[in-house]
Structure formats: structure tokens, C-alpha cells
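Colleague: I am new to this structure. Please pick one part of the structure, look at it closely, and tell me what lies around it.

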Amino acid sequence: GPGTMSGSGPEAPQPGDTAEVRLEEAEQDWAAAKAFYDNLVSKRPRPPKPQHAITVAVSSRALFDLVEERRIYEEQGVEKYVEYQQDNENVILKPGPAFYFVKALMHVNARLLELYPDDEERFDIVLMTNNHAQVGVRLINSINHYGLTIERFCMTGGKSPIDYLKAYLTNLYLSADSEKVQEAIEAGIASATMFSANKDVAYSDTQLRVAFDGDAVLFSDESEQIVKEQGLDRFFEHEQLNENKPLAQGPLKGFLEDLGKLQKKFYAKNERLDCPIRTYLVTARSAASSGARVLKTLRSWGLEIDEALFLAGAPKGPILVKIRPHIFFDDQMFHIEGAQKLGTIAAHVPYGVAQKYHKSA
């Protein structure tokens, strides 16, 4: 408060209590700036408050293709990198692995705003980057070029983003840096490492499509542990015995829940057939021997998944080509690599027992 300003002791010079006056002026400036901002009439929807929004934080390397820039950073160091970014700040960055996912989130938002103009329950996309502020101009130019609605930027200048992710009540964090993702998962934040597809495919621009693996993504890794330690037959036996006992939740259950909440808002307006969100479960489980427990678990959570695909160990890549999700979440790198080869944008969730057997690269 005003009384606690340093320099108000008897030994400090006190010409008309300048510190107090300065503080009061600053408070007035702040109030004036806020009033000015609040009175601006804008066509752009205001970013929703974090406690209402579904906050999706993306890193700059997930949003844009920064492979060349990354190489400069690694080979020549941070100063050369910043210089290069400043010299090229009017050169628009190409889309990265999370780009079309972000576009699809924006489409959902536009539809939600038509149906619920005063509601803040929608996606809020935050750029969460450990870039230095000097690189910001190029990022802003690229975001504006593509018309992306990203109002909030956190440029941490090399510092870990975890505290900022928590402050924004982040519902999903996507980054190209597997160490940061690991850190976020350990802090209880749904998070995944993004990988570009090896081929260009067309993605739906009228429907957000999100595909999830089951074990160690939507569910805990309890079942994978049994497979690894006791083999498939013991696993099938265990799943049938426990068919009516819901699986424990995994790191991305909350995000599926968020998608489900938004879907229900469309259903409430009779838009089920034209819903701009579709969810898929793509699991290596076999339906006959271990599918019931999965479906009953989702039911016990009150969650609907639009399509459940039980592949009984067949590769996931060919099925994903048919779905063309904007993002596919899996905890095992060989599924990620298989999906990537055939043109799916995949996101690795570093969670559970699979990580002990195959550290992500």
C-alpha cells in the first residue's frame, strides 16, 4: 500500500512526498488505461477468461515450421538466431504441426459464437514460447498473416513455461520440445510432443477431428503394465475379470471431457448432425477380448466418443489416413512414427510404462 513505499523513512528527502504522489498517479494511469480498453468497440471477440475457457497453449515450433531456425540456434547459438529472426521478421513462417489443429479450434469458436454470443466457454489459444521477446515481431506478423486468433503471448526467454501454464489453467499444452512436455505431464497438465506428418494431406476445415489412443492416454497405463509384465493372455483374462471396474483416468481424459462439453452445446441447439467436433478412439486393443471395459469406462465417465476403432494389434496408420484427424495422441513412439509416415499429424504423450521401454527421441 502507499504507506509502505521505501524511502519514506525520516532520513529520505521528502519534497511533497513524491513517492506517494507517483504511486497515486500510476494507479490513475492504470485505471484510465483499463477504462479506455474496456470502452473500445471491437469486432473481435474478447479473449475469454481462463476460468471459463478451454485453454490450449502451443509453442512456436508446434505452430510454425521453425526447423531451419532451430538449426541456426543449435549450430550458431542464441545471438545469431535472434539476429536471423529479426532480419527475417517480414518473412512469413510456414505452418507447423499444430497449425491446422489451431485453425480447426478457431472454426469451432466461430460456430459457438454464432449459437452462444455471450458465452465464454470456448477455446482460447495461447502462444507459449521460450523465445526471447525480440523474436516476437516475426511470430506476430505470421499470426496476423494467417488471421489466427491468438491474443495471449507468453515469451519466457528460455525460462520453463510450467508456472505460466498453471496460471492460465491450461487444458492442453502442445510443444515440439519433449523435455518441456515431460515436465508439464509431471505437473499434471495434459500435454504432448508434436510431430509433423511426412506427407501433406488435406484436413477438414469444417470439423475438428481429434483421435486418441486408449491406454496411457485416455486411461491409466495399468493395462499396458500387465501386457509388458505378464503377456497378452494374462491381460485379456484380467480385462474380462474387471470388465465392470472402470479404468483409472489417463492424462488426456480431461481434454476429451472438454470436447464433449462443447459437443453437447451443439446438440442442445439441434446441431448433432452438423457438429464441428468429432472424436475417435483408435486403440490396439481387440474388441472381443478387451473392448467392453473401455466402452464401459467411458460410459461411467458420462463421455461419448463418436467412433471407437479396435484394431486388435493392426497398425494404426492406415485407419488414421481414413479419419484424417487434425491431431492423434498416442503414448508409444512406434505408433506415432507409423502414423507420421502415412501423413497423420501425431502427438506423443510421454506417460506411463511405455516410456521406460522406449524413450522418446
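Modeller: A term is needed before the part itself: Ala, Val, Leu, Ile, Met, Phe, Trp, Tyr, Cys and Pro count as nonpolar, Asp, Glu, Lys and Arg as charged, and the others, Gly among them, as polar. The part is the largest cavity, in a model that is predicted. The structure holds 3 cavities of 30 Å³ or more, and the space in the largest is about 40 Å³. Its lining is made up of 7 nonpolar, 2 polar and 1 charged residues. Val 201, Tyr 203, Leu 320, Val 321, Pro 325, Leu 342 and Ile 345 are the nonpolar ones. Gly 343 and Thr 344 are polar, and Arg 324 is the charged one.

Tyr 203 leads on from the cavity to the aromatic residues. This lining residue also belongs to an aromatic cluster, together with Phe 64, Phe 99, Tyr 100 and Tyr 146. The structure counts 8 aromatic pairs. One of them joins Tyr 73 to Tyr 81, edge-to-face, with 5.5 Å from centre to centre and 80° between the planes. Tyr 73 is partly exposed, at a relative accessible area of 35%, whereas Tyr 81 has 9% and is buried. Another pair, Phe 99 with Tyr 100, lies within the cluster. This pair is edge-to-face as well, its planes 80° apart and its ring centres separated by 5.1 Å. Phe 99 is buried because its relative accessibility is 3%, under the limit of 20%. Tyr 100, at 37%, counts as partly exposed, since that value falls between the 20% and 50% limits.

Two lysines are placed over rings. Lys 253 lies over the face of Trp 301, 4.8 Å from the ring centre. The charged end of Lys 269 sits over the ring of Tyr 116, and the distance to the ring centre is 4.8 Å.

A word on confidence remains. The protein chain has an average pLDDT of 88, and 92% of the residues score at least 70. Residues 1–13 have a pLDDT below 50, and beyond near neighbours in sequence this stretch makes 10 contacts in the model.

Terms used. Residues are numbered from 1 along each chain as its sequence is written. This is a predicted model: local features need pLDDT of at least 70, side-chain atom pairs count only at pLDDT 80 or more; totals for chains, interfaces and linings use all residues. Side-chain values use heavy atoms; hydrogens and water are left out. On a 1 Å grid over the protein atoms alone, a cavity is a set of points where a 1.4 Å probe fits but cannot get out, and a pocket is an open set with protein on both sides within 12 Å along at least five of seven lines; lining residues have an atom within 4 Å of a point. Grid points are joined across faces, edges and corners, and a volume is the space filled by probe spheres set on the points. Rings of Phe, Tyr and Trp (its six-membered ring) pair if their centres lie within 6.5 Å; planes under 30 degrees apart count as stacked, over 60 as edge-to-face and the rest as tilted. Buried means under 20% relative accessible area, exposed over 50%, partly exposed in between (1.4 Å probe, protein chains only). A charge sits over a ring if NZ of Lys or CZ of Arg is within 6 Å of the ring centre and within 35 degrees of the ring normal. pLDDT is the predictor's confidence in each residue, from 0 to 100. Contact means heavy atoms within 4.5 Å.
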